[in-house]
Amino acid sequence: MSLHKQAVLSNSVVQERAMSVLAASKMVGAGCATIALAGVGAGLGVMFGSLINGAARNPNIAKQLVGYALLGFALTESIALFSLLVVFLILFA
């Protein structure tokens, strides 16, 4: 095998390895970005658990508490959507 063919072959192997390392890095980064979704799930559970607890303790302000809980739900879900946006940017951009 000539020296030129050997250099071209080794160059293609290096490029394939670089592409596989890049793909693996994207997957690891996307996995790390999804950790925020676990925090969102825990936050929602705590928030609605506190809503039930507060409504049981003081039923007179239950409607006001539901309004606060829905606002908190919307803000917490926005964090989840932003983290999913980051995941898709990592994977497909």
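Modeller: Rings of Phe, Tyr and Trp count as an aromatic pair if their centres lie within 6.5 Å. The model discussed here is predicted, and the structure holds two such pairs.

Biologist: What makes Phe-48 and Phe-73 an aromatic pair, and why is the pair called tilted?

Modeller: The two ring centres are 5.9 Å apart, and the limit is 6.5 Å, so the rings pair. The angle between the planes is 55°. Stacked requires under 30 degrees and edge-to-face over 60, so the term tilted applies.

Biologist: Why is this pair said to tie together parts of the chain?

Modeller: Phe-48 belongs to helix H2 (residues 35–57) and Phe-73 to helix H3, so the pair ties together parts that are 25 residues apart in sequence.

Biologist: Why are Phe-48 and Phe-73 called partly exposed?

Modeller: The relative accessible area is 31% for Phe-48 and 34% for Phe-73. Buried means under 20% and exposed over 50%, so values in between are called partly exposed.

Biologist: Why is the pair of Phe-88 and Phe-92 called stacked?

Modeller: The planes of Phe-88 and Phe-92 are 25° apart, with the centres at 6.2 Å. An angle under 30 degrees counts as stacked, so the term follows. Both residues lie in helix H3, four residues apart, which is about one turn of the helix.

Biologist: Which of the terms buried, partly exposed and exposed apply to Phe-88 and Phe-92?

Modeller: Phe-88 has a relative accessible area of 49% and is partly exposed. Phe-92 has 68%; exposed means over 50%, so Phe-92 is exposed.

Biologist: How do you know that Ser-83 is buried?

Modeller: Its relative accessibility is 9%. Buried means under 20%, so Ser-83 qualifies. Ser-83 is found in helix H3 (residues 62–92). Leaving aside neighbours within four places in sequence, Ser-83 is in contact with Ala-33, Ala-36 and Leu-37.

Biologist: What does the side chain of Ser-83 reach?

Modeller: The side chain reaches the backbone oxygen of Ala-80 at 2.8 Å. A polar contact needs N or O atoms within 3.5 Å, so this distance meets the limit.

Biologist: What makes the pattern of the chain α-α-α?

Modeller: The protein chain has three helices and zero strands.

Biologist: Where does UniProt place the feature "transmembrane region", and how much helix do those spans hold?

Modeller: The unreviewed UniProt entry gives residues 27–53 and 65–92. Residues 27–53 are 96% helix, and residues 65–92 are 100% helix. In each span, the end C-alpha atoms lie 40 Å apart.

Notes. Residues numbered from 1 in each chain as written. Predicted model: local features only at pLDDT ≥ 70, side-chain atom pairs only at ≥ 80, totals over all residues. Heavy atoms only, no water. Helix = DSSP H or I, 4+ residues; strand = E, 2+ residues; numbered from the N terminus. UniProt positions renumbered as here; feature names shortened; annotations may be inferred. Buried < 20%, exposed > 50% of the residue type's maximum accessible area, 1.4 Å probe, protein only. Polar contact = N/O pair within 3.5 Å; in protein donor to acceptor, adjacent residues only side chain to side chain. Contact = heavy atoms within 4.5 Å. Phe/Tyr/Trp six-rings, centres within 6.5 Å; stacked < 30°, edge-to-face > 60°.
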